[in-house]
Amino acid sequence: MINSVFSYLTGLICLAVYLIYARQKRISKNRTLLCCIFILYMTAVISLTMFPLVYDKSFSTPSDNISNRLHLIPFEVISGMITRGIPQYSILQIGGNLIMTIPFGFAVIPILMPKIKKQQRLFFIILAFAFPIWIELTQLLVGASFGTFYRTCDIDDVILNSTGIFIGYGLYFLFLKIRKKIKI
């Protein structure tokens, strides 16, 4: 089993490489700070969603196969958690999926596209769904490649993560309005 320390070390290496690059290219301090925050955020997301990497089949049960780890019916898992699950786990799972992607909508998308025009709104919507789909498909591919399906590929996670991105993006615009009113 490979734990999340690997992802954090990789993230720190990426951060160091970017800082060297930013210094050589004389990238502004604000832009460098934003990119460093993005690298740290992505490191945390990867650590939360991909690790531990289970490659030892002794961690698997005979029922662990791709069809048991692929949930494609919307709201099936969420409703099951709410009606039959442990309330604390349900809140943690649902809330965690929402909260994890709020920073992506609040900061990452505005960094990538500072001024979204009407033509770019479609790109934003695609990105808001593509990022969570990437997470879920990567989890599925990692499980398939190791033959140990430790994680699931769940449409409910895509829905919750995309909702978190939209909430974050709405909070970003709320922040901009408040900032204009108090003239920060």
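## Pockets, a cavity and aromatic pairs in a helical chain

The protein chain, seen here as a predicted model, has a secondary structure of 6 helices and 2 strands. Read from the N terminus, its elements follow the order α-α-β-α-α-α-β-α. Of the 184 residues in the protein chain, 34% are buried, and the accessible surface comes to about 12000 Å², with carbon and sulfur atoms supplying 71% of that area. Among the contacts with a separation of 6 or more, 79% join residues that are 24 or more positions apart.

### Open and enclosed space

Rolling a probe the size of a water molecule over the atoms shows where empty space is left. The table sets out the volumes and the make-up of the linings.

| Space | Volume | Nonpolar lining residues | Polar lining residues | Charged lining residues |
|---|---|---|---|---|
| Largest pocket | about 580 Å³ | 10 residues | 8 residues | 6 residues |
| Second largest pocket | about 150 Å³ | 7 residues | 4 residues | no residues |
| Largest cavity | about 100 Å³ | 8 residues | 4 residues | 1 residue |

The largest pocket is lined by 24 residues, and those nearest its centre are Y89, Q93, N97, R151 and D157. Two or more residues of this lining come from each of helix 2 (29-50), helix 3 (76-84), helix 4 (87-112), helix 5 (118-146) and helix 6 (155-182). Helix 4 makes the greatest contribution to the lining of the largest pocket, with 6 residues.

The second largest pocket has a lining made up of F6, S7, T10, G11, C14, F38, I39, M42, T43, I46 and F51. Helix 1 (5-24) and helix 2 each provide at least two residues of that lining, in which no charged residues are found.

A search of the whole structure for cavities of 30 Å³ or more finds 1. The largest cavity is lined by 13 residues, with Q139, V142, G143, Y150 and R151 nearest its centre. Helix 2 and helix 5 are the elements that give two or more residues to this lining, and helix 5 has the largest share of it, with 4 residues. R151 is thus named twice, since it is one of the residues nearest the centre of the largest pocket and also one of those nearest the centre of the largest cavity.

### Aromatic pairs

A pair of aromatic rings is described by the distance of the centres and the angle of the planes. Across the whole structure, 12 aromatic pairs are found. In one of them, the rings of F104 and F131 have centres 4.2 Å apart and planes at 5°, and the pair is therefore stacked. Because F104 belongs to helix 4 and F131 to helix 5, this pair ties together parts that are 27 residues apart in sequence. F104 and F131 are both buried.

Y169 and Y172 form another stacked aromatic pair, at 6.3 Å centre to centre and with 20° between the planes. These two tyrosines are 3 residues apart in helix 6, which means that about one helical turn separates Y169 from Y172. Both Y169 and Y172 are buried. The two residues also take part in a cluster in which ring pairs link F106, F124, F129, F166, Y169, Y172, F173 and F175.

How values were computed:
Residues numbered from 1 in each chain as written. Predicted model: local features only at pLDDT ≥ 70, side-chain atom pairs only at ≥ 80, totals over all residues. Heavy atoms only, no water. Buried < 20%, exposed > 50% of the residue type's maximum accessible area, 1.4 Å probe, protein only. Contact = heavy atoms within 4.5 Å. Areas by Shrake-Rupley, 256 points an atom, 1.4 Å probe, with all protein chains shown as cover. 1 Å grid on protein atoms, 1.4 Å probe; cavity = no way out; pocket = protein on both sides within 12 Å on 5 of 7 lines; lining within 4 Å. Points joined across faces, edges and corners; volume = space filled by probe spheres on them. Nonpolar A, V, L, I, M, F, W, Y, C, P; charged D, E, K, R; others polar. Phe/Tyr/Trp six-rings, centres within 6.5 Å; stacked < 30°, edge-to-face > 60°.
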